[in-house]
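Please find below my notes on the model that we agreed to look over together. They are set out as numbered points, to be read beside the coordinates.

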Amino acid sequence: MTKLIFEKSVENTQGVKITDETVDFSFINSKFLNQNKETILPELTELEVMRHYKELSDKNFCIEKGFYPLGSCTMKYNPKVNELLATLEGFTELHPLQDDEDSQGSLKLMYNLQEALKTVTGMDAMTLQPAAGAHGELCGMMIVKKYFETTGENRKNVIIPDSAHGTNPASAAMCGFNTVEIKSNEKGLVDLEALKAVLDNNTAAIMLTNPNTLGLFEEDILEISKLVHEAGGLLYYDGANMNAIMGYTNPKLMGFDIVHLNLHKTFSTPHGGGGPGAGPVGVVEKLKDFLPVPTIEFNGEKYSRNYNVKHSIGKMKAFYGNFSVLIKAYAYILLMGKNLKDASANAVLNANYMMNKLKKHYLLPHDRKCMHEFVLSGDWQKEQGVNTLGIAKRLMDGNFHPPTVYFPLIVHEAIMIEPTESETKERLDDFVDTMIKIAQEIKENPEEVLSHPLTTPVRKVDETLAARKPDLAYKKA
Ligand SMILES: *Cc1c(COP(=O)(O)O)cnc(C)c1O
């Protein structure tokens, strides 16, 4: 067990000694100074501090350590050259308020990235500002709202399938829309009849993920977009699953008006634990004047920031978005070029390979060709005494990051597996074999399976207590 840094503290130890003189703080107004002499800070040498944090970082699971099949999150390999390029001085030393004239290189990068993402999505205009997928959804819903304000229509409803990511209804609700949930059909797809039943002149938009969160391609996508447009609504495309279709089709061809991408998923920038990310939003021509300011433009000679956009929803983020993420995504796109298409093909192939090997051992509720991910149910194993959480915990002793569990909500005991394109057949086999072994262990000795994980720094935690009464602060005994 690693000790806390406070427990390693030795009184009167100093880290670095910069000067012998005591610092004179008289220039600071005393009301801003901490008068509490009891401030508890750990006392260690610089070397011991480094060792402490290195030890902690070694406990992290990361893509560099092992397979990370976290469904919906696209934990693919992030080429290290992206990092190198993002640390170039020309980028890191540039102040965000520097004149356009002095920022031509960075503006060009943003402009070119916008153009590349327009090609991938088929959209007519793009903003790079939103900081994540959910932030992109918020941006998109704000555009929908402002659009209907300018047309003078008071449309209040946003339709969302029951398979959607929770951020979809949250984003719509934040903009004051009513969310209308529609049930999926037995094939795991949008039920056209259920859709028709809720479409009317109160429909502002539908938010759809395609392939959906079950990893299934919405076969009736063209019929869906036709119906929604005929009712006068807009179509919002949650592009979190773009990794399945890059270069093969795009949201524009499917009839969508607004789309967000998750650069930290599809376009290979490291993420986890909440960031950093980027959620660019693309729109069709008629929504171009609603994008956040500034837009990044090019007049054939110079790149510039334009703050004068007619119906702009305003600003989504300080400055121009998470710029370092944009650099990495652009580097990745240049590196891949036309092979982006192969990334999607391999992601889909890998998922189908695993799905077909596992479906004899775990219930597969929607047994159809999948896209880049698939969703199993742990129902058979639960009957034998081990639920999906138990399976996830057991996997942690095999040097795997567990898959996404209990999402999407419409599958009991869901186990959502997304291998991505970057894994070798050997890695996929290794994971599949372990899953099959676990299914066998559950048949033979469910109690033993439930005792895992045995090798992780922290064993099973009390999930209720951890959520309700998190104990995060050090208090001196
Ligand atoms: C990840 C994800 C989101 C949210 O994206 P963030 O970048 O995490 O905010 C939305 N929808 C789907 C389907 C996702 O997988």
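The points below go from the chain as a whole to the ligand site and then to single residues.

1. The model is a predicted one, and what I say about it should be read in that light. The chain contains 15 helices and 12 strands, and its C-alpha atoms occupy a box of roughly 75 × 70 × 40 Å along the principal axes. The radius of gyration is 25 Å, which agrees with the value near 23 Å for a compact globule of 477 residues.

2. On burial and surface, 48% of the 477 residues are buried, while the accessible surface of the chain amounts to about 24000 Å², with 54% of that area belonging to carbon and sulfur atoms. Of the contacts between residues at least 6 apart in sequence, 71% join residues at least 24 apart.

3. The ligand is surrounded by 13 residues, and the closest are Ser 72, Gly 133, Asp 238, His 264 and Lys 265. By class, this shell comprises three nonpolar, seven polar and three charged residues. Helix H5, which spans residues 133-151, provides the largest share of the shell, with three residues.

4. Which side chains place a polar atom 2.6 Å from the ligand? Asp 238 does so towards a nitrogen atom of the ligand, and His 264 does so towards an oxygen atom. A polar side-chain atom of Asn 262 lies 3.0 Å from an oxygen atom of the ligand. The protein covers 87% of the 380 Å² of accessible area that the ligand has on its own.

5. Asn 212 sits in the loop between strand S4 (203-209) and helix H8 (221-230), and it counts as buried because its relative accessibility is 1%, under the 20% cut-off. Its side chain makes a polar contact of 3.1 Å with the side chain of Glu 218. Beyond its neighbours within four places in sequence, Asn 212 is in contact with Ser 163, Gly 188, Leu 189, Glu 218, Asn 241 and Glu 373.

6. Is Glu 285 buried, exposed or partly exposed? This residue, in the loop between strand S7 (281-283) and strand S8 (295-298), has a relative accessibility of 49% and therefore counts as partly exposed. The C-alpha atoms of Glu 285 and Leu 117 are separated by 15 Å, although the two residues are 168 apart along the chain.

7. Two peptide bonds deserve a look, given that most peptide bonds are trans. The bond from Val 293 to Pro 294 is cis, with omega near -5 degrees, and Pro 294 lies in the loop between S7 and S8. The bond from His 452 to Pro 453 is also cis, with omega near 0 degrees, and Pro 453 is placed in the loop between helix H14 (446-450) and helix H15 (463-468).

8. Backbone phi angles also merit checking, as most residues other than glycine have a negative phi. Thr 74 has a positive phi of about 50 degrees and is found in the loop between helix H1 (46-59) and helix H2 (80-86); with a relative accessible area of 1%, Thr 74 is buried. Ser 268 has a positive phi of about 60 degrees and belongs to the loop between strand S6 (258-261) and S7; Ser 268 is buried as well, at a relative accessible area of 0%.

Methods
Residues numbered from 1 in each chain as written. Predicted model: local features only at pLDDT ≥ 70, side-chain atom pairs only at ≥ 80, totals over all residues. Heavy atoms only, no water. Near = heavy atom within 4 Å. Polar contact = N/O pair within 3.5 Å; in protein donor to acceptor, adjacent residues only side chain to side chain. Areas by Shrake-Rupley, 256 points an atom, 1.4 Å probe, with all protein chains shown as cover. Helix = DSSP H or I, 4+ residues; strand = E, 2+ residues; numbered from the N terminus. Nonpolar A, V, L, I, M, F, W, Y, C, P; charged D, E, K, R; others polar. Rg over C-alpha atoms; globule rule 2.2 N^0.38 Å. Buried < 20%, exposed > 50% of the residue type's maximum accessible area, 1.4 Å probe, protein only. Contact = heavy atoms within 4.5 Å.
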